[in-house]
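This report goes through a protein model with a bound ligand. It takes up salt bridges, then the ligand's surroundings, then one serine.

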Amino acid sequence: MTGKAINIADLRLAAKRRLPKILFDWIDGGAGDELGLRENETAFARYRFLPRYLLDVSNRSQKKELMGRSYDSPFGIAPTGYAGLFRPGADLILADAARRANVPFVMSGTSIASIEEAMAVAPDHCWYQLYGAVDYAITKDLILRAQKAGCRTLVVTIDIPLAGRRERDMRNGFGIPLRFTPGLLLDGLMHPAWAVQYLLNGGMPTMANWAPYAPAGSNAMAVAGFAIQHSYCVQTWDHLRQFRDLWDGKLVVKGVMHPDDATKAVEFGADGLIVSNHGGRQYDRAVTAPIMLPVLRKALGTAVPLMLDGGIRRGSDILTALCLGADFTFCGRATLYGAAAYGAEGADLALGILRDDLDQLMGQIGCLDLDPAGLPAFLVEA
Ligand SMILES: Cc1cc2nc3c(=O)[nH]c(=O)nc-3n(C[C@H](O)[C@H](O)[C@H](O)COP(=O)(O)O)c2cc1C
């Protein structure tokens, strides 16, 4: 029952209708004046597509190879923390949707479900995003657990040296663990579909990845408090080296913007990079990925996979990113809006909207596949 949603903006509105404002704003908002957030969404609109006609466009392929794997579309699901607050089981809903669509799903370091559960749902599609803990023994255990569960790609997010100042959250009093303050109670009463489901599922869900490390006997609130205290901490290049030494599989560094950081990350053993400003959530006036991606591509050449996220709402955003030199793209809010609004159907719908939108655009402009050699010729600056 996905209503009349035909694009990601519709899914956003459906999520807004279902969720308390305090939760919707946490997904939807950005840092400061939200200029960075808006820029992410508008950056792609600086470009137009130059079509080629009189071609047989009846067979189009959006398949894409990435780090030794073949995916059905050139986009995946970016890590989004606490997804299970918006809809019970949302981490696993997203993992399963990615598996069905044959695209990657990146499980957040602050997920509600555990890496073992996600790997059981999507053994070939689930990547794990690490937030290192203050206590290195925990970090090490998280990495080794992901490895033991069969995960083959570890994503290290580097763009949160500090917590972001998101003013909507400050005004709304959003915090983890989510407490039933009078404000949230009232908000919940106005959004009963979310509130009833949340309460029937026992309120604040336990962060299963972090539960083993919290003091014995901790309830869900205490586990969340422990995870928050431990999961945002100073990280340096030395940590990246430690993670690389521990991890056997592919290592992806997320949040790279500067070409020198990109080069250094590769020197430290990164197999791929995600060019990202964390969805405009960390600081305002963040430079956007479409601006920096070509610079990074020039610095690194074609051997290193470069992925991009931020502001992807349409197939045209994805194709623009690929024409600018990205090997792959990820979306955070688009799929989370879908899952929050309509559960599994919404997650499928979000992925389907992006897939169909991209397919339609490829047909319109005579782009039959995503061979990087041919793509730049389709793009012009507006
Ligand atoms: C609600 C929310 C939670 C997020 N949590 C995480 C996280 O736990 N780890 C991480 O690396 N990035 C996180 N991000 C950033 C996303 O992975 C991604 O970089 C961003 O959402 C891309 O922008 P988009 O939402 O416009 O697609 C989060 C983003 C949102 C919207």
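A salt bridge here is a side-chain nitrogen of Lys or Arg within 4 Å of a carboxyl oxygen of Asp or Glu. By that rule, a search of the whole structure gives 18 salt bridges. The model is a predicted one. Its mean pLDDT is 96, and 100% of the residues reach 70 or more. Among the elements, strand E4 (residues 75-77) has the highest mean pLDDT, 99, while helix H9 (residues 182-189) has the lowest, 90.

**Salt bridges**

Side chains of opposite charge can pair when their charged atoms come close. The table lists some of these pairs with the N to O distance.

| Basic residue | Acidic residue | Distance (N to O) |
|---|---|---|
| Arg-46 | Glu-39 | 3.5 Å |
| Arg-145 | Glu-116 | 2.8 Å |
| Arg-244 | Asp-271 | 3.0 Å |

In the pair of Glu-39 and Arg-46, Glu-39 has a relative accessible area of 30% and is partly exposed. Arg-46 is partly exposed as well, at 34%.

The salt bridge between Arg-145 and Glu-116 has its closest N and O atoms 2.8 Å apart. Arg-145 belongs to helix H7 (residues 136-148) and Glu-116 to helix H6 (residues 115-121), so this pair ties together parts that are 29 residues apart in sequence. Is Arg-145 buried or exposed? With a relative accessibility of 14%, Arg-145 counts as buried, because buried means under 20%. Its partner Glu-116 is partly exposed, with a relative accessible area of 35%.

Arg-244 and Asp-271 meet through their side chains at 3.0 Å, N to O. This pair also links distant parts of the chain, 27 residues apart. Arg-244 sits in helix H12 (residues 237-246), and Asp-271 is in the loop between helix H13 (259-267) and strand E9 (272-275). Arg-244 has a relative accessible area of 18% and is buried, whereas Asp-271, at 27%, is partly exposed.

Some salt bridges share partners. Arg-12, Lys-21, Asp-25, Asp-28, Glu-34 and Arg-168 are joined in this way into one network.

**Around the ligand**

Which residues come nearest to the ligand? Of the 24 residues around the ligand, these are Pro-79, Ser-108, Thr-157, Asp-309 and Gly-311. Asp-309 has a polar side-chain atom 2.7 Å from an oxygen atom of the ligand. Backbone atoms also take part in such contacts: a polar backbone atom of Gly-332 is 2.9 Å from a ligand oxygen, and a backbone N or O atom of Arg-333 lies 2.9 Å from an oxygen atom of the ligand. On its own the ligand has 600 Å² of accessible area, and the protein covers 99% of that.

**Ser-231**

The last residue taken up here is Ser-231, which is found in helix H11 (residues 220-231). How is the side chain of Ser-231 placed relative to Ala-227, and what is the distance? A polar atom of the Ser-231 side chain lies 2.6 Å from the backbone oxygen of Ala-227. Ser-231 is buried, with a relative accessible area of 2%. Apart from neighbours within four places in sequence, the residues in contact with Ser-231 are Thr-110, Tyr-131, Gly-132 and Trp-210.

Notes:
Residues numbered from 1 in each chain as written. Predicted model: local features only at pLDDT ≥ 70, side-chain atom pairs only at ≥ 80, totals over all residues. Heavy atoms only, no water. pLDDT = per-residue confidence, 0-100. Helix = DSSP H or I, 4+ residues; strand = E, 2+ residues; numbered from the N terminus. Buried < 20%, exposed > 50% of the residue type's maximum accessible area, 1.4 Å probe, protein only. Near = heavy atom within 4 Å. Polar contact = N/O pair within 3.5 Å; in protein donor to acceptor, adjacent residues only side chain to side chain. Areas by Shrake-Rupley, 256 points an atom, 1.4 Å probe, with all protein chains shown as cover. Contact = heavy atoms within 4.5 Å.
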